[in-house]
Amino acid sequence: MPSAIELLHITKRYPGVIANDDVSIRIGQGEIHGLIGENGAGKSTIMSILYGMVKPDEGTIKIFGQECEISSPMDAIRRGIGMVHQHFMLMPDETVLRNIILGRTPRRGLSIDEARAAREITEIMDRYSLKVDLGAKISQISVGEKQRVEILKALYRQVKILILDEPTAVLTPAETDGLLNIMRKLREQGCTIVFITHKLKEVLAVTDRVTIMRKGVVTGAGETSEMNVRRLSELIVGREVATEVPMKPFSPGEKVLELREVRTAPRPGRMPLHDVFLSVRRGEIVGVAGVEGNGQSDLAEAIAGMIPLEAGSVRLCGREIGRDSIRRRRQKGIGHVPEDRLKTGVSKSCTISENLILNRYYTPPYSKRGVFSHAKISRFSEELCKSFLVKTPDATYPLSTLSGGNMQKVVFAREFESSPELLIAAQPTRGVDIGAIEYIHGKLGELRDEGRGILLISAELDEILALSDRIVVMYEGELVGQFLRGEADEYEIGEYMLGAKRREVRDEE
Ligand SMILES: Nc1ncnc2c1ncn2[C@@H]1O[C@H](COP(=O)(O)OP(=O)(O)OP(=O)(O)O)[C@@H](O)[C@H]1O
Ligand SMILES: [Mg+2]
């Protein structure tokens with residue numbers, strides 16, 4: 001098969017790290033090529049080089065057999081390359097339509113022909129079953145929808161090579177199936193796809209060939225048909241990975257969290273809560289299953305204090321906190337791993353160390369009478385980076401130098417270390433590699449075994465099933481089903497998630 005892409009001896013150095021060390025990858029025309037490996041392995045870097053966003057120190061690139069210099073994304077787009085980034089690059093205050101047509105705007109005379117663009121895009125949406133409200137503003141739509149916008153943007157440009165950097169990290173299982181089908185359709189039309197993902201099932205389901213990277217180098221490549229989950233995980237982390245989480249037998253204590261008749265106000269693009277009754281006990285992991293966009297975000301934010309309640313009450317360890325500020329609730333024992341880490345979880349311009357200490361810099365021993373102890377702060381952050389597998393040469397580097405999965409680990413480490421009474425973990429393993437998932441799951445189990453309460457919100461049903469003592473299902477802002485561990489399988493839960501079945505959840509006394 002002729003090559004669509006040849007990356008030859010690419011090297012890219014950053015201070016203290018070699019992100020890509022003599023990397024060579026060949027990708028055939030019309031194939032779906034999986035690019036996998038640990039957080040920080042260099043996957044996004046090599047693809048950003050191909051897309052002209054990062055300049056390599058050494059190496060050459062050939063596109064369809066022709067050696068070329070790609071010095072900007074404009075160059076890449078001109079050569080038919082499209083990239084959907086790990087972190088969205090959309091303009092929040094503009095509409096979906098404007099974001100999609102940016103840079104390829106049809107005109108009628110001097111004015112923009114938005115009607116024509118909308119027709120063309122609607123046709124693409126129909127063809128690939130990829131629906132978004134073209135008139136909505138980016139700031140009002142969910143992460144899953146933003147992902148679709150990014151994909152539509154590339155399809156609208158009729159790309160010949162499409163790079164997808166962890167596109168399924170933010171998608172629901174059904175949306176993921178949809179995307180895999182889109183990828184297959186694109187392949188039929190001759191499109192070449194590079195697919196970065198941490199989900200081995202997806203690699204096996206859709207790719208033709210796969211390349212594995214580790215610490216900046218290529219450690220393996222081959223036909224997908226010769227791989228299985230075990231082989232791939234061994235190539236990625238160098239050992240087998242456990243999927244079972246060791247935990248003590250379930251013996252829940254008193255209620256840490258109790259929501260009664262909680263309602264939130266409608267906001268554009270968000271599903272408000274409608275009379276939610278929910279509790280989490282000590283020593284219990286309660287998993288919230290549901291198709292994303294059914295009120296899970298409002299649930300987490302209403303408990304954490306990021307949005308006001310319209311009605312109802314939220315109690316923490318028996319005391320009302322429904323009117324408290326975010327900081328007050330944190331001080332009372334709430335930890336929160338937010339779903340959108342870049343928006344609400346971290347400050348990108350601060351250092352890794354500052355981010356790790358964000359929730360306690362004003363308390364001893366890190367600060368005494370307003371004076372910071374830099375030695376204590378730096379020791380603390382170094383230890384955290386080590387134990388939570390955050391890969392960085394130095395915790396005083398800006399957070400923005402970390403790979404996507406490593407930023408997620410920073411947020412989790414910070415919230416875990418504050419020993420919260422209640423941890424709200426929203427998509428806690430989104431974008432982290434299989435080794436780190438094993439670790440984070442183990443940590444959640446530890447927290448539970450210590451008698452803390454955990455509210456786990458996850459779009460990964462596998463994750464919910466593996467960890468939860470009790471599962472509640474959210475649908476259109478309400479809780480529509482409740483199961484104890486082992487009471488229902490993914491198919492049964494799936495029916496509740498889609499609204500096909502429901503029963504009243506009123507919470508036990
Ligand atoms: N702008 C930068 N400055 C300094 N270091 C960087 C920069 N960008 C990336 N790195 C480093 O290069 C290495 C590779 O990062 P990259 O983002 O390519 O990893 P990745 O394989 O995409 O990981 P993930 O699965 O977490 O997204 C990491 O060690 C990262 O910290
Ligand atoms: Mg990446």
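**Where domain 2 meets domain 3**

The protein chain of this predicted model is assigned domain 1 (3-237), domain 2 (244-333 + 420-509) and domain 3 (346-417), with bounds from an automatic or database domain assignment. Residues are numbered from 1 along each chain as its sequence is written. Local features need pLDDT of at least 70, and side-chain atom pairs count only at pLDDT 80 or more.

Let us look at domains 2 and 3. Their centres, taken over C-alpha atoms, are 26 Å apart. Contact here means heavy atoms within 4.5 Å, and 19 residues of domain 2 touch 13 residues of domain 3 in this way.

About 1,300 Å² is buried between domain 2 and domain 3, with 65% of it on carbon and sulfur atoms. Buried area is the accessible area (1.4 Å probe) that two parts lose on being put together, summed over both. On the side of domain 2, R327, R330 and Y439 lose the most area to domain 3, together 34% of what that side buries.

R330 has another part to show: its side chain meets that of E415 in a salt bridge (3.0 Å, N to O). The rule, a side-chain nitrogen of Lys or Arg within 4 Å of a carboxyl oxygen of Asp or Glu, finds one salt bridge across the interface of domain 2 and domain 3.

Which elements give two or more residues to the side of domain 2 that touches domain 3? They are helix 10 (326-331) and helix 15 (434-449), where helices are DSSP runs (H or I, at least four residues) numbered from the N terminus. Helix 15 gives the largest share, seven residues.

Conventions
Chains lettered and ligands numbered in written order. Heavy atoms only, no water.
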